[in-house]
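Here are a few exercises to work through with the structure open beside you. Try each one before reading its solution.

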Amino acid sequence: MQLDPLVKPRSVAIVGATDRAGPGRSVVESLGAIGFAGAIYPVNPKYQTVLNHVCYPSLTDLPEAPDVVVFSIRKPLLPEQVRLAVKRGARAAVIYDAGFAELGEDGARQQAEIAGLCREAGMPVCGPNCMGILNPTARVTTYKQTLMDTNGLAGNVGFISQSGSVCIAILSDLRRYGISLSVSAGNEAVTRTVDYIEYLIDDPATKVIATFTETVREPDRYVAALDRAAAVGKPVVVLKVGRTERTRRAITSHTGGLAGESRVFSEILRAHRAIEVTDLDEMTEVLAVCQGERWPRGRGISVITGSGGLAEMILDNATAAGLDLPPLSGTERAEAERVIGRITGDGNPFDAWGNGDYAVNLPHAMSVVDGSERIGAVVYCADTSNEGHVGHPGRVLENVKMLADAAKASQKPYYLMSSRPGVMNAQQAKGLRESGLVQIGGTRQGLGAIDRIGRYMMPQRPLRTSANRSGAQLADLLAAMTGRRTVNEYESKRLLSAFGVPVTREHRVTTLEEATRAAHELGYPVVLKALSDDIPHKTELGLVAVGLANDGDLASAFQRLQERLDRIEPRPSDAALLVQEFVAGGIEVFAGVSRDPDFGLTLAFGMGGIAIEITRDFSLRTLPLRERDAEAMIAETRGAAMLGAIRGRPAADVAILAACLNALADFAHHNADVLEEIDLNPIKALPEGRGCVVVDALIVARSPARG
Ligand code: ADP
Ligand code: MG
């Protein structure tokens with residue numbers, strides 16, 4: 001659907017136009033304020049004119065088919081008026097009123113009815129339950145708030161929000177950026193966030209796209225749009241709400257959508273190079289950083305201050321946030337101290353007060369850190385007051401000049417940072433902007449924004465090329481299984497090992513004679529387990545016996561397990577036993593694959609044990625993996641230190657463990673069509689040189705109905 005008539009209409013009809021206060025008046029007023037050059041058609045049988053524009057009794061009376069019809073009327077009147085709009089040949093619609101899908105089934109039905117009419121007519125629709133669209137670039141608006149001052153409104157941020165109030169929040173402070181387009185998309189009955197993203201990717205006025213999202217609709221298209229935005233170098237900044245069960249429930253009753261699993265979504269954003277933020281402070285700092293003439297080309301940030309206390313606070317917060325503040329090298333430090341005097345700490349943050357002559361010291365500090373290869377961005381932290389209650393009045397512009405001079409001699413981006421987000425001197429922010437520089441605020445938010453853009457600018461690691469294995473495939477096995485969805489441990493391991501996943505040596509047996517022969521072949525101690533597609537979890541049923549040391553142990557365990565199997569009602573027809581090598585020592589970890597209904601397969605890795613559900617200490621990636629993803633996944637878990645050498649215990653073989661994750665990822669990727677889940681739980685991570693072994697495996701196939 002063509003969005004032009006919706007986002008940059010040449011004619012606007014306002015159904016429900018009025019000269020009384022309200023959206024029916026403010027849109028007409030705002031079109032005047034923004035300098036709209038097209039036709040304005042108020043529609044209302046009660047008026048001859050509205051604010052000096054001829055008012056038409058009905059949509060059918062309009063002298064031409066309007067690009068967009070804005071419905072400033074109550075819900076019950078909508079179906080009839082929308083029909084009239086379609087009949088009159090309107091090309092787009094904006095529907096403000098609420099009371100639709102966000103309220104439940106009845107509302108959803110009414111919404112679907114209106115959406116159906118518009119979709120059939122090929123009309124893009126903003127809303128319902130929205131505040132409309134503001135397009136300062138094209139000088140047109142259907143945004144229902146009154147525009148008071150249109151100066152400084154236009155800029156390069158394309159903003160799309162499913163919440164109108166968040167549009168208000170973003171538009172409430174335009175000291176550091178302007179808007180190319182602001183969309184309050186509401187319930188998205190027809191036109192969705194992904195449609196607007198696609199529009200903005202091609203919009204020359206837009207440099208950065210930001211979205212406030214409760215529900216992602218059309219996940220495949222959404223992901224493709226993220227890829228296209230990344231390919232053209234426009235960052236997509238995403239604030240997704242509904243990250244906890246509580247807010248998720250609130251969302252169901254708010255916009256009528258369902259939020260997806262938040263960890264998977266975060267991974268999707270990372271994999272497709274979108275920039276995730278968790279609040280509006282973080283978002284606006286990223287938008288500010290994007291306004292800089294230069295963007296950081298790496299993560300290293302040098303922070304220069306004139307205060308030891310601030311330096312300590314910044315270091316604490318930056319460390320907690322995982323930011324990269326590389327210390328000064330020996331030669332950098334010597335060069336800095338030659339001029340500045342003694343420097344405390346490791347020089348990042350760089351307290352450049354020294355001998356107190358900061359007109360000399362600060363520029364010198366900047367030139368020293370600017371020369372460092374590890375530094376991608378230089379930040380000067382200084383607080384200035386907006387109202388001028390306190391402080392030296394000349395300082396504001398001195399700061400701008402000092403930073404602009406330093407930046408002139410450099411290829412790197414420079415920033416002025418106030419220690420609190422959102423607090424800044426407007427004059428200073430303006431001065432910086434005119435020099436291509438940026439004012440940021442707050443360590444976590446401001447420095448975090450530099451870090452986010454620094455990461456964004458780093459080249460993405462290539463996708464792993466995996467060997468295409470032949471041999472037994474899951475699909476073949478499933479074809480023979482007729483209807484079963486779980487694949488037993490023995491067969492799961494055979495499939496996985498064909499892809500290079502290291503598994504235990506083991507034999508499937510049915511008699512004690514076979515079991516004993518298998519144990520002799522493997523060598524004691526061994527493990528005996530029940531084996532059946534119908535028993536995905538064995539321990540709960542007492543069907544695992546570990547550490548069997550001799551024929552006698554084996555015989556009694558065999559007897560015990562057989563009896564327990566006999567007691568299962570009905571006894572699984574495929575039941576057999578598994579004699580397995582006993583893997584002593586090592587650290588238990590787990591790896592698994594699961595399918596998100598929206599975004600497909602993801603790989604998880606975590607430290608083992610039954611507490612995983614509580615600790616939730618696992619890392620996640622979408623498939624296929626990229627180079628070094630597996631190593632990063634292991635390192636990312638909080639418990640990763642457990643794999644290192646501790647108290648005389650040797651370090652685990654992390655390289656082989658990473659290779660095992662890659663092999664698992666290869667298997668999953670190759671069998672993606674028929675795969676629902678995999679559990680390798682546990683994997684025993686053994687000391688360096690001995691690799692790792694999967695001691696239990698379970699594959700769950702995708703049920704054909706859903707495939
Ligand atoms: P379940 O189906 O209940 O997950 P497992 O096969 O994972 O059964 O066995 C339960 C536990 O027994 C494992 O978590 C592991 O601690 C231990 N175990 C299982 N197989 C072996 C083995 N071959 N070597 C050593 N320990 C094992
Ligand atoms: Mg297990």
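**Exercise 1.** Which residue stands opposite Ile699 in E30? Find the partner, then work out how E30 is held by its neighbours.

*Solution.* Keep in mind that this is a predicted model.
- Start with the residue asked for: Ile678 stands opposite Ile699.
- Next, look at the pairing of E28 with E30: the two strands run antiparallel and are joined by 5 bridges.
- Now turn to strand E20 (residues 486–487), which is antiparallel to E30 and linked to it by 2 bridges. Here Val487 stands opposite Ile699.
- Finally, check the burial of E30: 5 of its 5 residues are buried. Ala697, Ile699 and Ala701 point one way, while Leu698 and Val700 point the other way.

**Exercise 2.** Which residues coordinate the magnesium ion (ligand 2)? Locate them in the chain and judge their exposure.

*Solution.*
- The donors come from Asn681 (O) and Asp696 (OD), at 2.2 Å.
- Asn681 belongs to strand E28 (residues 675–685) and Asp696 to the loop between strand E29 (692–694) and strand E30 (697–701), so the pair ties together parts that are 15 residues apart in sequence.
- For exposure, recall that buried means under 20% relative accessible area. Asn681, with 33%, is partly exposed, whereas Asp696, with 17%, is buried.

**Exercise 3.** Which residues touch the most other members of the largest nonpolar core? Describe what surrounds one of them.

*Solution.*
- The core has 99 residues, and Tyr196 and Leu447 touch the most other members.
- Helix H6 (residues 193–201) is the element that gives the most to this core, with 6 residues.
- Leaving aside residues up to four places away in sequence, the contacts of Tyr196 include Leu3, Leu6, Val7, Ile133 and Ile160.
- Another core, of 44 residues, lies apart from this one; among its members are Leu601, Leu643, Val694 and Ile699.

**Exercise 4.** In what order do the 7 strands of the open sheet lie? Then explain what is special about its edges.

*Solution.*
- The order is E9-E8-E11-E10-E12-E13-E14, with mixed pairing.
- Strand E9 (140–141) and strand E14 (275–277) are at the edges; each has a single partner strand, so one side of each is left without a neighbour in the sheet.
- At the E14 end, strand E13 (residues 236–240) pairs with E14 in the parallel sense over 3 bridges, and Leu239 stands opposite Val277.
- To finish, place helix H10 (residues 280–289): it lies across E10, E12, E13 and E14, at about 175 degrees to E13.

Conventions:
Residues are numbered from 1 along each chain as its sequence is written. Chains are lettered from A and ligands numbered from 1 in the order in which they are written. This is a predicted model: local features need pLDDT of at least 70, side-chain atom pairs count only at pLDDT 80 or more; totals for chains, interfaces and linings use all residues. Side-chain values use heavy atoms; hydrogens and water are left out. Two strands pair if DSSP finds at least two bridges between them. Helices (H or I, at least four residues) and strands (E, at least two) are DSSP runs, numbered from the N terminus. Contact means heavy atoms within 4.5 Å. Axes are lines fitted to C-alpha atoms, for helices over the stretch in contact, and angles run from 0 to 180 degrees between N-to-C directions. Donors are N, O and S atoms within 2.8 Å of the metal (3.2 Å for Na, K and Ca); water is not among the atoms, so sites may look incomplete. Buried means under 20% relative accessible area, exposed over 50%, partly exposed in between (1.4 Å probe, protein chains only). A nonpolar core is a set of buried Ala, Val, Leu, Ile, Met, Phe, Trp, Tyr and Cys residues joined through side-chain atoms within 4.5 Å.
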